Amino acid sequence: MSRRHDQSYKLLFSLPLAIKHLIRGFINSDLADELDFDRMESLATERTTSGLVRSQADLIWKIHFKGSSRFLLLPMEFQSRTDRYMAARMQYYVAVAFHGLLAPKTRHNQLAPGGLLPPTLAVTIYNGRDRWKAPADVRDLIEPVGGWLADYQPKLIHKALDLRGLTGQPLPERNVVSWIAGMEADSSAGNVSRVVREVLDTYPGLEHKRLREAFREWVLGAAQSWGIGEEVMKQVESLKEAGMVYAGVEELKEMAQREAHATLVCRQARLKFGTDTAERLSKLLEEVSDPERIARIGDRIILCETGAELLARAREV
């Protein structure tokens, strides 16, 4: 997952509505009925233990139960590749979060009645192309032992939601997670346009501006992972109307699939350095057949300050 795509996931799931839709539609609706999503708090994701070991989960939510001071601890991770040891990572994040709750200065405000630690629900959102195969329980990562020693082994089960694995299943309607899963599985112009219309129809008005902006950033982040050039992406980012943004990104995606790498690189060069540089670069690229080399020349467009510098460095690649 590109850094921007990763950050766009964090932005979406920083919205209480997305967490509500996640738990109600994809984890447990009864649990969703118990939780007060209007009293959600985002906890610090980076902590340094007394041994100076840094820990950083993607997101950690504190969600109160309705009419209670009790709360659920919800650490979240976003993955584009299967991590066999994800359950162990999640156990570490939970342990470090517990350590933070036990800090002397804040302990009295953080613990449940009786000084108890909160229940936890660890969730991984996975968008990779291959099916998620990692063990859900950390015990499955530990060498098996028998007898009394087995009772002393740690246990933590985390929920891995494989977005592409949901393809073909009936999904909750007008649900943030359903929309994301649908676009991860099918990023065609028609499907993206359908999702955009549903988002705009379901959540209009100023009160849902953050949600629409988060979806916009998600699409831009996904488009970056498709390999569309940085300079072209800047044009997309400058668009204000949500429908135009989605349509523009989809058009660029189809263009990238349709045009040769050399044509796209020359387009980027023209946007940044003008027609003359683009035409001279096009002649240079006529002699280049290696796609990797063309890609490296494309990278130089971002790094170079002038067209002359680009042409000189392109000859060196």
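## Reading rings and strands in a predicted model

The structure holds 8 aromatic pairs.

Student: How do I read an aromatic pair here, and which geometry do tryptophan 148 and tyrosine 152 show?

Tutor: Keep in mind that this is a predicted model. For a ring pair, look at the centre distance and then at the angle between the planes, where over 60 degrees counts as edge-to-face. Tryptophan 148 and tyrosine 152 are edge-to-face, with 5.7 Å from centre to centre and 80° between the planes.

Student: Are those two residues buried or exposed?

Tutor: Tryptophan 148 is exposed, and tyrosine 152 is exposed as well.

Student: Which residues do ring pairs link into a cluster?

Tutor: Tyr9, Phe13, Phe78 and Trp218 are joined that way. Phe78 also belongs to strand S5, where it is buried.

Student: Let's turn to that strand, then. Why is S5 described as largely enclosed by the rest of the structure?

Tutor: Start with the general idea: side chains in a regular strand alternate between the two faces of the sheet. Now the case here: S5 covers residues 71–79, and 9 of its 9 residues are buried, so the rest of the structure largely encloses the strand. On one side sit Phe71, Leu73, Pro75, Glu77 and Gln79, on the other Leu72, Leu74, Met76 and Phe78, and all are buried. Across the whole protein, buried residues make up 45% of the 317 residues.

Student: Which strands pair with S5, and in what sense?

Tutor: Bridges tell you this. Strand S4 (residues 59–65) runs antiparallel to S5, with 6 bridges between them. Strand S6 (residues 123–126) pairs with S5 in the parallel sense over 4 bridges. As examples, lysine 62 has leucine 73 as its bridge partner in S5, and glutamine 79 has tyrosine 126 in S6.

Student: What lies between S4 and S5?

Tutor: The two strands form a hairpin with 5 residues between them, and glycine 67 in the turn has a positive phi of about 65°.

Student: Where do charges sit over rings around this hairpin?

Tutor: Look for a charged side-chain end above a ring face. Lysine 62, the partner of leucine 73, lies over the face of phenylalanine 71, at 4.6 Å from the ring centre. Arginine 70 places its charged end over the ring of phenylalanine 65, 4.4 Å from the centre.

Student: How many helices and strands does the protein have?

Tutor: There are 14 helices and 7 strands. Of the contacts between residues at least 6 apart in sequence, 62% join residues at least 24 apart. The protein exposes about 16900 Å², with carbon and sulfur atoms supplying 49% of that area.

Key:
Residues are numbered from 1 along each chain as its sequence is written. This is a predicted model: local features need pLDDT of at least 70, side-chain atom pairs count only at pLDDT 80 or more; totals for chains, interfaces and linings use all residues. Side-chain values use heavy atoms; hydrogens and water are left out. Rings of Phe, Tyr and Trp (its six-membered ring) pair if their centres lie within 6.5 Å; planes under 30 degrees apart count as stacked, over 60 as edge-to-face and the rest as tilted. Buried means under 20% relative accessible area, exposed over 50%, partly exposed in between (1.4 Å probe, protein chains only). A charge sits over a ring if NZ of Lys or CZ of Arg is within 6 Å of the ring centre and within 35 degrees of the ring normal. Contact means heavy atoms within 4.5 Å. Accessible areas come from the Shrake-Rupley method with a 1.4 Å probe; for residues, only the protein chains shown count as cover. Two strands pair if DSSP finds at least two bridges between them.
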